[in-house]
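Reader: I'd like to go through this fold piece by piece before I set anything up. Can you take my questions as they come?

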Amino acid sequence: MSVVELKDVSKSYGSFAALRDINLQVHAGSVTCILGDNGAGKSTLIKVLSGLHPASSGEVLIDGVPTVLSGPRDALNHGIATVYQDLAVVGQMSVWRNFFLGQELTGAFGRLKTDEMKHITQDQLSAMGIDLPDVNVDVNSLSGGQRQVVAIARAIYFGARVLVLDEPTAALGVKQSGMVLRFVAAARDRGIGVVLITHNPHHAYLVGDHFTILKLGRQIVNVPRDQVTLEQLTQHMAGGSELEALSHELRG
Ligand SMILES: Nc1ncnc2c1ncn2[C@@H]1O[C@H](COP(=O)(O)OP(=O)(O)O)[C@@H](O)[C@H]1O
Ligand SMILES: [Mg+2]
């Protein structure tokens, strides 16, 4: 059974349909890639998944049960964690403070369990293959890729079953993109259902088990890996399907 499923989900803003009849299944231990150009509806899809916006019609099922998410907190309680592009991290704060931000460990009289939090942060990061020499450094001093990875490790530590990543490699170079994608694979190997939003078919194809392409709110491709090649994904993303349709029209 899928952890999360969207059934015929549509989302309108006023009279504008940002998503139409989207069907999607997120399985444990698998990476579902959502591809699409600007304005395709990717962020809207994330908002529906993360409980920020309710669907206008259709159903969201969690563990097979139709569920109306009341907000991001509710989604988190169901194990759906979202790492937004403009990460919710505080640059001038240490890595470990960020890791526990809003979920600090406290002891008697509300005193922060600083040492314990530092240890856990260090352990969790190295368990995921990230070796930060010092979790006391400010997040500002980390690379973009490391920041993504800290946010992902944090979501996993706090019990995410589904991890929604909004364009995690968009602002990164090749090496750092590789690090983030390795981390995506590590999350998958831990049994997490990853939803990877990207407009880069190459990145998607490196780790994806299932591919959906959105175009102006419609799902124009929805296939498992064995039914699509990287060339086909790239062609779709480059508007190849449009060209094909056009040449078909011309042939009459
Ligand atoms: N809150 C909103 N109100 C009105 N229109 C919106 C809103 N959010 C997104 N849209 C529109 O929905 C479409 C899809 O946007 P979005 O989901 O952000 O696409 P993407 O993330 O793929 O670039 C765009 O045309 C955008 O202008
Ligand atoms: Mg977007």
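**Strands, helices and a ligand shell**

Author: Sure, let's start with a bridge: Lys-7 of β1 has Glu-59 in β4 as its partner. Keep in mind that this is a predicted model.

Reader: How many bridges join β1 to β4, and how many join β1 to β2?

Author: Both pairings run antiparallel, β1 with β4 and β1 with β2. On the β2 side, Leu-6 stands opposite Leu-24. The counts are five for β1 with β4 and seven for β1 with β2.

Reader: Which strands are at the edges of that open sheet of four?

Author: The order is β2-β1-β4-β5, with antiparallel pairing. At the far end, two bridges join β4 to β5, and Leu-61 has Pro-66 as its partner there. The strands that pair on one side only are β2 and β5.

Reader: Which residue has a positive phi in the turn between β1 and β2?

Author: These two strands form a hairpin, with two residues between them. The phi in question is about 60°, and the residue is Gly-14.

Reader: Now the six-stranded sheet: why is one side of β6 and of β10 left without a neighbour?

Author: The sheet is open, in the order β6-β7-β8-β3-β9-β10, and its pairing is mixed. β6 and β10 stand at the edges, so each has just a single partner strand.

Reader: And what is the average turn between neighbouring strands in it?

Author: Direction is ignored for this one, and the average is taken over neighbouring strands of the sheet. The value is 15°.

Reader: Which way do the strands run at the two ends of that sheet, parallel or antiparallel?

Author: At one end, four bridges join β6 to β7, and Thr-82 stands opposite Val-164. At the other end, six bridges join β9 to β10, with Phe-211 and Val-223 as bridge partners. So the mixed pairing includes β6 with β7, which run parallel, and β9 with β10, which run antiparallel.

Reader: What phi does Leu-216 take?

Author: Leu-216 belongs to the hairpin of β9 and β10, which has two residues between the strands. Its phi is positive, near 45°.

Reader: Which helices lie across β7, and at what angles do they run to the strands?

Author: One helix lies across β3, β6, β7, β8 and β9, running at about 150° to β7; that is α1. Another lies across β3, β7 and β8, at about 155° to β8, and this one is α6.

Reader: What about α5 and α6: at what angle do they pack, and how far apart are their axes?

Author: The crossing is right-handed. Residues in the contact include Val-149 and Ile-152 of α5 and Met-179 and Phe-183 of α6, and by class the contact has seven nonpolar, four polar and no charged residues. The helices pack at about 15° with axes 8 Å apart, which makes α5 roughly parallel to α6.

Reader: Last one: which element gives the largest share of the shell around ligand 1?

Author: Among the residues around the ligand are Tyr-13, Phe-16, Asn-38, Lys-42, Ser-43 and Thr-44. By class, the shell has four nonpolar, six polar and one charged residues. β2 and α1 each supply at least two residues, but the largest share, three residues, comes from α1.

Technical notes: Residues are numbered from 1 along each chain as its sequence is written. Chains are lettered from A and ligands numbered from 1 in the order in which they are written. This is a predicted model: local features need pLDDT of at least 70, side-chain atom pairs count only at pLDDT 80 or more; totals for chains, interfaces and linings use all residues. A residue is near a molecule or strand if its C-beta atom, placed from the backbone, lies within 6 Å of it. Ala, Val, Leu, Ile, Met, Phe, Trp, Tyr, Cys and Pro count as nonpolar, Asp, Glu, Lys and Arg as charged, and the others, Gly among them, as polar. Two strands pair if DSSP finds at least two bridges between them. Axes are lines fitted to C-alpha atoms, for helices over the stretch in contact, and angles run from 0 to 180 degrees between N-to-C directions. Two residues are in contact if their C-beta atoms, placed from the backbone, lie within 7 Å. Angles under 35 degrees count as roughly parallel, over 145 as roughly antiparallel, 65 to 115 as roughly perpendicular and the rest as oblique. A crossing is left-handed if the near helix is turned anticlockwise from the far one by less than a right angle, and right-handed if clockwise.
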